[in-house]
Amino acid sequence: MNILLLGSGGREHAIAYKISQSPRCSRLFIAPGNAGTSECGTNVALDIMDFQSVADFVKSNDVRMVVVGPEAPLVAGIADFFASDESLAKVPVIGPSRQGAMLEGSKDYAKDFMSRHAIPTARYKSFDKSTIVDGISFLRELKAPYVLKADGLAAGKGVVILPTIEEAEKELVEMLDGAKFGQASARVVIEQYLEGIELSVFVLTDGKHYKILPSAKDYKRIGDGDTGLNTGGMGSVSPVPFADREFMAKVETRIVQPTIKGLVEESINYKGFIFIGLMNCSGDPYVIEYNVRMGDPETQSVFPRIKSDVVELFEAVGDGTLNRMTLDVNPRTAASVVLVAGGYPEKYRKGDSIVGIESVSDAMVFHAGTARSDDHIVTNGGRVLAVTAIDDTLPVALLKAYQEASKIEFDGKYNRKDIGQDLLNL
């Protein structure tokens, strides 16, 4: 069958890499894609937020499945758009309805969903511009550090953790009264800080049944030791060593099952991925956030470990028969190191030539911010490439990833040197 994958980042390259391996896939189109995805299929210059243009392409190219990579089209309702068009309704969209996507589109909605279904999460309250005073009062009930989250989508930068009450109060005013994150911070969720170690758990669901994909941990800060500004992600590892059978049993019974049950009880049409950001608090899992798609750069570590045919899994999601499928996962460890443009996540250059990708022999290279210029590949974003290595142990997988990443060069290239180091002594 012909498949259309929407997106242009490292996540989409990793998904395209797996889709292209499936004998079920005749042609793969990626919109708009990047220099790497062009090696897995055909890049298409489509605006993925222009649903009519996407629909016209699907019809004219006999596309039988649409896989949605990023969150924005989902929150805007692309699955509903297809479902409402009689000529497109039978084309499965791997991604939730607009209502389901609200689990990521609104932090307030997500926290209320967790509360309704007794899913463990941090204590919280939500505030808008008219209730700033109440928000400051709530902050003063909490202990430092203080967590403030823009309610809407803020490109991964809407979560702020501050060490003092003075900074937290100032930030709350800037987010609500000063519209620091635009419309995304018209409402702000203030929540209790959870002490522990973060990890990401990914679920693929047809709305009733589910498969839990490999766990992963990503590294958001730009600097070693988790210092500096937040980024889209500087690296990832999968699996997470402490996410053993006992811990994952807690995740499944306390979080995954109530989440799926809640979707069914509230008649929410959900066919796609659920990214559950968790905190391991002394052996007990708490939900930090939901996302409604795979993570980036976690996908670059998770998808290479999936041995099953992902297209067959996606077909089962569309058919509602995921319970009949078997998920086969490589037990080895994957480590991914992200190479970014100098200056990222603030101002950075584009258009610098990249050399050395063809020299990488013992790892996979997933493109994110890249483009083709004549006969060579150039930088085209802040996060440029992710280098993923797989081995029997985390130390060796990390060593391989860093060795292979060192073969790639471009002006201003930067990467963290400590990905996965915090997990080695657990």
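**Exercise 1. Val340 and its surroundings**

Start with Val340, which counts as buried at 0% relative accessibility. Keep in mind as you work that this is a predicted model. Your task: find which strand holds Val340 and which residues Val340 is in contact with, leaving aside its neighbours within four places in sequence.

*Solution.*
- Step 1: Locate the residue. Val340 belongs to strand β18, residues 333-340.
- Step 2: List the contacts. Beyond four places in sequence, Val340 touches Ile222, Met234, Gly382, Arg383, Val384, Phe410, Gly412, Lys413 and Tyr414.
- Step 3: Try a separation in space. From Val340 to Gly69 the C-alpha atoms are 21 Å apart, and the two residues are 271 apart in sequence.

**Exercise 2. Looking for disulfides**

Find how many disulfides the whole structure has, then work out why Cys25 is not bonded to Cys40.

*Solution.*
- Step 1: Recall what to look for. A disulfide is a covalent bond between the sulfur atoms of two cysteines.
- Step 2: Search the whole structure. The count is 0 disulfides.
- Step 3: Check one candidate. The closest cysteine sulfur to that of Cys25 is in Cys40, 10 Å away, so the two are too far apart for a bond; the cut-off for a disulfide is 2.5 Å.
- Step 4: Look at accessibility. Cys25 is buried, with a relative accessible area of 14%, and Cys281 also counts as buried, at 14%.

**Exercise 3. Two hairpins**

For the hairpin of β16 and β17, and then for the hairpin of β20 and β21, say which residue takes a positive phi.

*Solution.*
- Step 1: Describe the β16 and β17 pairing. Strand β16 (residues 272-281) and strand β17 (residues 284-291) run antiparallel and are joined by 7 bridges. Within this pairing, Gly277 faces Glu289 in β17.
- Step 2: Inspect the turn. There are 2 residues between these strands, and Ser282 has a positive phi near 55°.
- Step 3: Repeat for the second hairpin. Strand β20 (residues 370-373) pairs with strand β21 (residues 376-379) in the antiparallel sense, over 4 bridges. Here Ser373 stands opposite His376 in β21.
- Step 4: Inspect that turn too. With 2 residues between β20 and β21, Asp374 is the residue that takes a positive phi near 55°.

**Exercise 4. Aromatic rings and charges**

Find how many aromatic pairs the structure holds, and describe the geometry of Phe242 with Phe247.

*Solution.*
- Step 1: Count. There are 11 aromatic pairs in the structure.
- Step 2: Classify. The ring centres of Phe242 and Phe247 are 6.0 Å apart and their planes meet at 85°, so this pair is edge-to-face. Phe242 is buried at 13% relative accessible area, and Phe247 counts as buried at 4%.
- Step 3: Take another pair. Phe273 and Phe314 are edge-to-face as well, with 6.0 Å from centre to centre and 85° between the planes. This pair links distant parts of the chain, 41 residues apart: Phe273 lies in strand β16 and Phe314 in helix α11 (residues 310-319). Phe273 is buried at 4%, and Phe314 is buried at 1%.
- Step 4: Look for a cluster. Phe51, Phe81 and Phe82 are linked into one by ring pairs.
- Step 5: Look for charges over rings. The charged end of Arg116 sits over Tyr109, 5.9 Å from the ring centre. Lys217 lies over the face of Tyr219, 4.2 Å from the centre of the ring.

**Exercise 5. Cores and a parallel sheet**

Name the residues that touch the most other members of the largest nonpolar core, and give the strand order of the open sheet of 5 strands.

*Solution.*
- Step 1: Begin with the background. In soluble globular proteins, nonpolar side chains tend to be buried together.
- Step 2: Find the hubs. The largest nonpolar core has 118 residues, of which Leu4, Ile19, Val66 and Ile408 touch the most other members. Helix α9 (residues 245-265) supplies the largest share of this core, 7 residues.
- Step 3: Note the separate core. Apart from the largest one lies another core of 20 residues, among them Ala150, Ala154, Leu162 and Ala184.
- Step 4: Follow one hub. Beyond four places in sequence, the contacts of Leu4 include Phe29, Val54, Val66 and Val67.
- Step 5: Order the strands. The open sheet runs β3-β2-β1-β4-β5 with parallel pairing. At its edges stand β3 (42-43) and β5 (93-94), each with a single partner strand, so one side of each lacks a neighbour in the sheet.
- Step 6: Zoom in on one edge. Strand β4 (residues 63-68) pairs with β5 in the parallel sense over 2 bridges, and Val67 stands opposite Ile94 in β5.

Methods:
Residues are numbered from 1 along each chain as its sequence is written. This is a predicted model: local features need pLDDT of at least 70, side-chain atom pairs count only at pLDDT 80 or more; totals for chains, interfaces and linings use all residues. Side-chain values use heavy atoms; hydrogens and water are left out. Buried means under 20% relative accessible area, exposed over 50%, partly exposed in between (1.4 Å probe, protein chains only). Two strands pair if DSSP finds at least two bridges between them. Rings of Phe, Tyr and Trp (its six-membered ring) pair if their centres lie within 6.5 Å; planes under 30 degrees apart count as stacked, over 60 as edge-to-face and the rest as tilted. A charge sits over a ring if NZ of Lys or CZ of Arg is within 6 Å of the ring centre and within 35 degrees of the ring normal. A nonpolar core is a set of buried Ala, Val, Leu, Ile, Met, Phe, Trp, Tyr and Cys residues joined through side-chain atoms within 4.5 Å. Contact means heavy atoms within 4.5 Å.
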